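Open the model in your viewer and get ready to select a few pieces one after another. Each stop below tells you what to pick and what you will find there.

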Amino acid sequence: MKKLQMVDLHSQYLNIRNEIDKGIREVIDSCAFINGPAVKQFQENLERYLGVKHVIPCANGTDALQVSMMALGLQPGDEVITSSFTFIATAEVIALLRLTPVLVDVDPGTYNIDPQAIRNAITPKTKAIVPVHLFGQAAPMEEIMEIAREHNLYVIEDNCQAIGCDYIFDDGTTKKAGTIGHIGCTSFFPSKNLGCYGDGGAIFTNDDELAKQMRVVVNHGMTVRYYHDYVGVNSRLDSIQAAILNAKLPHLDHYAARRREAAAFYDEAFANHPNLKIPGRYPKSNHVFHQYTLVLEGVDRKALIDYLASCEIPAMIYYPVPLHLQKAYLDPRYKPGDFPVTEYLCHHVISLPIHTELEEEQLLYITHNILDFINQ
Ligand SMILES: *Cc1c(COP(=O)(O)O)cnc(C)c1O
């Protein structure tokens, strides 16, 4: 059996090696390393795939979030509501810009931000909501957009984990996650669902003015060459990374299907087990399974992870510490117990290997070993 990994980038590469190598070689031959044709091409390819008017490529997902908040003109002291159960980058850029992160709890089934908790957190200072489509499943965007309309707030979707995911509206129409709010952000970190071979990111919007402003911000706040009207940043997608993404984008839907197949295998093995809670499905989204994350009930998580390690099965905890209990983000507004669902999840979740090249033999081995340990 092939060695198990959380993500098997090498096996994936071998299946598309010719396309990738050709793309990289073309960039090197042209020496158009910065903002070369591959970047523009990727921008257009992704606009078409997502059905969104503007894609602004940038250096990584964290920058995408930061640039969005800069372009919206948010000011120090403005409050930005986001989930307490997410990767740190979401809150990090809020703090960096001297905005005030306001954390709210999540739904215990889907792990995504709870709309009622958003409502309860709104104050006159609230300016934006940043829902995170965690682990590959969209947050309840219709409710979130309704709250935003009522209170005149911006919505920035952190779509770093859910590129390719569809959101299904009440009327049956669909949109890609990340294209529903005012702005969507994504990351092309290698292990993400659409990953490049280094760092990369992009911002999406249907708003012409916002797109224009974000293109200025990512380019040193420059409107005319060497005339800087705003304080900006330097955030570009490398041409080589864009070429890799051009080769990978046509495979994205197949990759999502492969991830769903693996998830369905896990679901079937673990459903109805008294100690295991399979990831809840939000019916208005088709999960793209950036992670497959179980909740353990009455299982010694550390002992299970140690046992799996002894079987050469990797497993990870996303995320072990809620944002409000991270040392750098300790705040007198928050204390342990404030976000009980998030805190429970941090203590009980485990994420299993999931990627586009998992084989049935590997899935069988993983599920058997987990069940052996838990049923022993
Ligand atoms: C990966 C990720 C980011 C940051 O992306 P980078 O490209 O690593 O900067 C932000 N938010 C979430 C939810 C992520 O998973």
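A crossing of two helices is called right-handed if the near helix is turned clockwise from the far one by less than a right angle, and left-handed if it is turned anticlockwise. Keep that in mind for the first stops, and remember throughout that this is a predicted model.

**Stop 1: H4 and H8.** Select residues 61-71, helix H4, together with residues 208-217, helix H8. Their axes come within 9 Å and cross at roughly 120 degrees. Angles between 115 and 145 degrees count as oblique, so H4 and H8 are oblique to each other. Their crossing is right-handed. To see the contact, show the side chains of Val-67, Ser-68, Met-70 and Ala-71 on H4, then Leu-210, Gln-213, Met-214 and Val-217 on H8. This contact has 6 nonpolar residues, 2 polar ones and no charged ones.

**Stop 2: H2 and H9.** Now select helix H2, residues 17-30, and helix H9, residues 239-248. Here the axes are 8 Å apart and the packing angle is about 150 degrees. Because an angle over 145 degrees counts as roughly antiparallel, that is how H2 and H9 are described. H2 passes H9 in a right-handed crossing. H2 brings Glu-19, Ile-20, Gly-23, Ile-24, Val-27 and Ile-28 to the contact, while H9 brings Ser-239, Ile-240, Ala-243, Ile-244, Ala-247 and Lys-248. By class, the contact of H2 with H9 divides into 8 nonpolar, 2 polar and 2 charged residues.

**Stop 3: H3.** Move to residues 37-50, helix H3. How far apart are its end C-alpha atoms? They are 20 Å apart, in agreement with the span expected for its 14 residues at 1.5 Å a residue. Colour its buried residues, among them Ala-38, Val-39, Phe-42 and Leu-46. Just after H3 comes Gly-51, with a positive phi near 65 degrees.

**Stop 4: backbone details in the loops.** Most residues other than glycine have a negative phi, and most peptide bonds are trans. Against that background, pick Tyr-111 in the loop between strand E3 and helix H6. Its phi is positive, near 70 degrees. Is Tyr-111 buried or exposed? With a relative accessible area of 3%, Tyr-111 is buried. Next, find Asn-272 in the loop between helix H10 and strand E12. Asn-272 also has a positive phi, of about 70 degrees, but this residue is exposed, with a relative accessible area of 80%.

Finish at Tyr-319, in the loop between helix H11 and helix H12. A cis peptide bond joins Tyr-318 to Tyr-319, with omega about 5 degrees.

How values were computed:
Residues are numbered from 1 along each chain as its sequence is written. Side-chain values use heavy atoms; hydrogens and water are left out. Helices (H or I, at least four residues) and strands (E, at least two) are DSSP runs, numbered from the N terminus. The expected span of a helix is 1.5 Å times one less than its number of residues. Buried means under 20% relative accessible area, exposed over 50%, partly exposed in between (1.4 Å probe, protein chains only). Axes are lines fitted to C-alpha atoms, for helices over the stretch in contact, and angles run from 0 to 180 degrees between N-to-C directions. Angles under 35 degrees count as roughly parallel, over 145 as roughly antiparallel, 65 to 115 as roughly perpendicular and the rest as oblique. Contact means heavy atoms within 4.5 Å. Ala, Val, Leu, Ile, Met, Phe, Trp, Tyr, Cys and Pro count as nonpolar, Asp, Glu, Lys and Arg as charged, and the others, Gly among them, as polar.
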